[in-house]
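Biologist: Please take a close look at the salt bridges in this model. I should like one connected account of the pairs and of where their residues lie.

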Amino acid sequence: MLVRVLGVLLLSVSTVAVVEGRAQAPAGTGDPAAEVRGSYERLKPNLIKAAEKMPADQYGFKPTPEIRSFARVVNHVTEAQFHTCTTLNGGTFDPKSVPGDEASKDAVIAGLKASFAECDKAYGALTTANVTEALTAGQGKRSRIGMAWGNVSHDNEQYAELSTYLRLKNIAPPTSEK
């Protein structure tokens, strides 16, 4: 039952974020690089603030034993961003760049911020001229714009999950404060 309730909450948070424009690209720019960069830049502070708002002693919190801990969700964002953005930057992901799930809140947030620094470079380098360039990603090829939008989409999904964890602890998610 709790898993079903969490699913509904996650869907609701995701839908509200999209409807309110928090995850959508600005209309009418005509520049795909600027659109994805804008979405990334609007989402970034929400993820960081969500990680900062959860008390340190709750980083191990799991809504149910089968679900990831709050720290694991934040570290998952860190890991996914490093995977995507090091590829966009022409580098290789180093798994050691992601703190362990038992690391301190400060270490987990530092890892998250480091992944955003890597992504800042990647999104800053996107241009209308290079967004269709195909890069090797895993077993296949993906366009730069596809990878960038995939990262934004993934981050938005994970923010919705972190928001649910915060609400279960009676903490307002960052986007509810606006």
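Modeller: Glu118 and Lys121 stand 3 residues apart in helix α4, and therefore about one helical turn separates them. In this predicted model, the two residues form a salt bridge whose closest N and O atoms are 3.4 Å apart. Glu118 counts as buried because its relative accessibility is 15%, under the 20% limit.

Helix α4 also takes part in a salt bridge between Asp120 and Lys44, with the closest N and O atoms 2.8 Å apart. This pair connects distant parts of the chain, since Asp120 belongs to helix α4 and Lys44 to helix α2, 76 residues apart. Asp120 has a relative accessibility of 33% and so counts as partly exposed.

A further salt bridge joins Arg72 to Asp101, where the closest N and O atoms are 2.8 Å apart. Here too distant parts of the chain are linked: Arg72 sits in helix α3 and Asp101 in the loop between α3 and α4, 29 residues apart. Both partners count as partly exposed, because Arg72 has a relative accessibility of 22% and Asp101 one of 29%. The whole structure contains 7 salt bridges, as found by the search.

The helices named above also contribute to the largest nonpolar core. That core has 38 residues, among which Tyr59, Phe70 and Tyr123 touch the most other members. Helices α2, α3, α4 and α5 each supply at least two of its residues. Beyond its neighbours within four places in sequence, Phe70 is in contact with residues including Ala50, Ala51, Tyr59, Leu162 and Leu166.

Conventions:
Residues are numbered from 1 along each chain as its sequence is written. This is a predicted model: local features need pLDDT of at least 70, side-chain atom pairs count only at pLDDT 80 or more; totals for chains, interfaces and linings use all residues. Side-chain values use heavy atoms; hydrogens and water are left out. A nonpolar core is a set of buried Ala, Val, Leu, Ile, Met, Phe, Trp, Tyr and Cys residues joined through side-chain atoms within 4.5 Å. Buried means under 20% relative accessible area, exposed over 50%, partly exposed in between (1.4 Å probe, protein chains only). Helices (H or I, at least four residues) and strands (E, at least two) are DSSP runs, numbered from the N terminus. Contact means heavy atoms within 4.5 Å. A salt bridge is a side-chain nitrogen of Lys or Arg within 4 Å of a carboxyl oxygen of Asp or Glu.
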